[in-house]
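Me: I would like to go through the labels attached to this model one at a time, and to see how each value stands against its definition.

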Amino acid sequence: YFERSGLETHSQGVGSFSSNITHDLSMNSGLNFASGIVMKFSFVNKETISRQNGGQETINKTLSLIPFGDRGNDSFPGLDKTKIPFPNWDINWSGLQKLPILNKLFNSVSLSHNFRGELASTEQDGSSKSENYTHQFSPLVGINMRTKNKNSISINSRISQTLTINNNIQTGSTERNFSNAITSDLSYSRQGGFNIPIFFFRDFPIDNDISFNLRMSYDTNVKSTITLTGESSVLQKSTSLSIKPEIIYSFTRWVNGGVHFDYIFT
């Protein structure tokens, strides 16, 4: 075929190949309590093996666990072992508006809490190259509330924390990034209407809905490094504050608009 097509042919050539093998174990479970508490658990253990030309082998692993220590690989408290698998969890508690005092003010109150811990590592030809740990609460504490009034007020607040630890096995250095965030959303809606006081339109209803939203957030981020000898230093630190009030006005379903203001300090 190649001779007929006019393409050059060679008696010898260089071939290339690659292969990927993935082992993936994922588990999910949950518990429901009569008090309105819902707990969910998830666990991941994944391994991908890649082989390229020359027999070079790269193994990427992902494992659910809880990092300990400055480098994330310290021994588990009470046990002389490291990198112990541990599931992630998600907790939601609804129905708190039934409690005394809260039942007089709020139509709904709920709390939330979420944790995710993970190790992502890379190996090449049997030697470890990198270990990246994630320790995340998203949120550490979250609360959702809505008042009982006709024109209700909704409040949504969250405190979140994220820590990433990147270990360079070749240099023995570690980079840590810690962020802490507090966000709060407050919204108020008023639904109403009026009739146009003009002949032919006297009985024509006009929607007139107004929504007020206020979003506030406060974030801090610290980036530090740890050398092979254990010396620690801060590379970067930042803080930001954001305030955003917004008003949305609806004048019938054909006409609506809004105005907002952003204040950001870094």
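Me: How do the residues of the lining of the largest cavity divide into nonpolar, polar and charged?

Reply: They divide into seven nonpolar, three polar and two charged residues, where Ala, Val, Leu, Ile, Met, Phe, Trp, Tyr, Cys and Pro count as nonpolar, Asp, Glu, Lys and Arg as charged, and the others, Gly among them, as polar. Among the lining residues are F68, G72, D74, K83 and Y133. This is a predicted model, in which local features need pLDDT of at least 70 and side-chain atom pairs count only at pLDDT 80 or more, while totals for chains, interfaces and linings use all residues. Residues are numbered from 1 along each chain as its sequence is written, and side-chain values use heavy atoms, with hydrogens and water left out.

Me: What makes E47 and K61 a salt bridge?

Reply: The closest N and O atoms of E47 and K61 are 3.9 Å apart, and the term asks for a side-chain nitrogen of Lys or Arg within 4 Å of a carboxyl oxygen of Asp or Glu, so the pair qualifies. Because E47 lies in strand β2 and K61 in strand β3, this salt bridge ties together parts that are 14 residues apart in sequence; strands here are DSSP runs of E with at least two residues, numbered from the N terminus.

Me: Which residue besides E47 is joined with K61 in one network?

Reply: That residue is E123, since salt bridges that share partners join E47, K61 and E123. The closest N and O atoms of E123 and K61 are 3.7 Å apart, and this pair, with E123 in strand β5 and K61 in strand β3, ties together parts that are 62 residues apart in sequence.

Me: Why is K61 called partly exposed?

Reply: K61 has a relative accessible area of 30%, and since buried means under 20%, exposed over 50% and partly exposed in between (1.4 Å probe, protein chains only), K61 is placed in the middle class.

Me: Is E131, the partner of K83, buried or exposed, and how do you know?

Reply: E131 counts as buried, because its relative accessibility is 8%. Its salt bridge with K83 has the closest N and O atoms 2.5 Å apart, and K83 itself is partly exposed at 37%.

Me: Why is F261 called exposed?

Reply: F261 has a relative accessible area of 52%, so the label exposed applies. The residue sits in the loop between β12 (255-260) and β13 (263-265).

Methods. Helices (H or I, at least four residues) and strands (E, at least two) are DSSP runs, numbered from the N terminus. On a 1 Å grid over the protein atoms alone, a cavity is a set of points where a 1.4 Å probe fits but cannot get out, and a pocket is an open set with protein on both sides within 12 Å along at least five of seven lines; lining residues have an atom within 4 Å of a point.
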